[in-house]
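This report looks at how the interior of a protein chain is packed and how its strands are arranged. The sequence and the structure are shown here first.

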Amino acid sequence: MKYFQENRFLIIAAALSLLAHGALLGVHFVAPPPARAEAVDPGMEVILVNAKHAKKPLKADALAQANLDGGGHADSGRAKSPLPDMRKMETGDSVKSSKRSIAELERLQQDLMTQVARTTPFRAAPLTENNKPDPTPKGADLLETSKAIARMSAEISQSIDDQNKRPRKTFITPSTQEVGYAMYYKTLQKRIEEIGTLNFPQQNGRKMYGELVVYIPIFQDGTIYQKDGGARIEKSSGNPALDQAALAIVRRSAPFGRFPPNMLSSDKDDLWVIITRFKFTREEKMEANLTEGAR
């Protein structure tokens, strides 16, 4: 308290100084915005015109070196595009071309009418010994015809019966995923490769090499189905001797063993077809691999 009394003037002066500085810091000085100058000239486009009128336009759209009331292809004012006014249709080449087309159509119509009106008599070719109609068939001819028809009908019926009696076929291909099918083919493949390697094809003491595709139809008991010719060459190697040797290897390898339970069927498929690629290599080995074939 004593200190305040002794230094009260100094303390008051310091407080006033702080207040004054705080007030000055809170004041911001901003320059006044510039005065907007009003344009004396509203602004017009300056162009060059290639014509002039004696009449001065009441309200000009642009400044030019001469007065021009209207212009271009428009009825009033200046054209907005350098292209011609497509709304106008003037006579000229287009009209002449249309007239020529109409005249051509009229001429074609007249030609057609003339051809229809013209009468062309029909003349039949004269009869000769070669084109005379057959005489009326006799009873013997009709009987022979009936017998021929009956024979053809019987043959067709027999063919249908034979087709119905044939076993239906299922193809084992690389897309077959069942484990049972794969295991059966592996056993068949191993047997054919072993017999093919032991009896490697040769002709006149020389080994034969190449690739071919063989069609092998197999019954459920593992025997080869012979009614349609048995195993056959689906794609030749180009060497008939090698093709025949491959078929002999297949026949020697059969039977291939009874199908596993998942391949047996009493009312669906009782014949399986395996289309496999045979390859006789330079190492005197035979390789057999499944392939997609024509069904």
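In this predicted model, the largest nonpolar core comprises 29 residues, and Phe256, Phe278 and Phe280 are those with the most contacts inside it. At least two residues of this core come from each of helix 5 (179-198), strand 6 (210-219), helix 6, strand 8 (271-280) and strand 9 (286-290), with helix 5 giving the most, namely six residues. Beyond its neighbours within four places in sequence, Phe280 is in contact with residues that include Phe200, Pro201, Met208, Tyr209, Leu212, Leu242, Ala246, Ile249 and Met286. A second core, separate from this one and made up of five residues, includes Phe171, Val213, Tyr215 and Ile275.

Strand 6 is largely enclosed by the rest of the structure, because eight of its ten residues are buried. The pairings of strand 6 are set out below, each with a pair of residues that stand opposite one another.

| Partner of strand 6 | Sense | Bridges | Opposite residues |
|---|---|---|---|
| Strand 8 | antiparallel | ten bridges | Ile216 and Ile274 |
| Strand 7 (residues 232-235) | antiparallel | three bridges | Val214 and Ile233 |

Helix 6 spans residues 240-253, and Ser253 is found in this helix. Is Ser253 buried or exposed? Its relative accessible area is 0%, and because buried means under 20%, Ser253 counts as buried. Leaving out residues up to four places away in sequence, Ser253 touches Arg191, Ile192 and Ile195.

Conventions. Residues are numbered from 1 along each chain as its sequence is written. This is a predicted model: local features need pLDDT of at least 70, side-chain atom pairs count only at pLDDT 80 or more; totals for chains, interfaces and linings use all residues. Side-chain values use heavy atoms; hydrogens and water are left out. Helices (H or I, at least four residues) and strands (E, at least two) are DSSP runs, numbered from the N terminus. Buried means under 20% relative accessible area, exposed over 50%, partly exposed in between (1.4 Å probe, protein chains only). Contact means heavy atoms within 4.5 Å. A nonpolar core is a set of buried Ala, Val, Leu, Ile, Met, Phe, Trp, Tyr and Cys residues joined through side-chain atoms within 4.5 Å. Two strands pair if DSSP finds at least two bridges between them.
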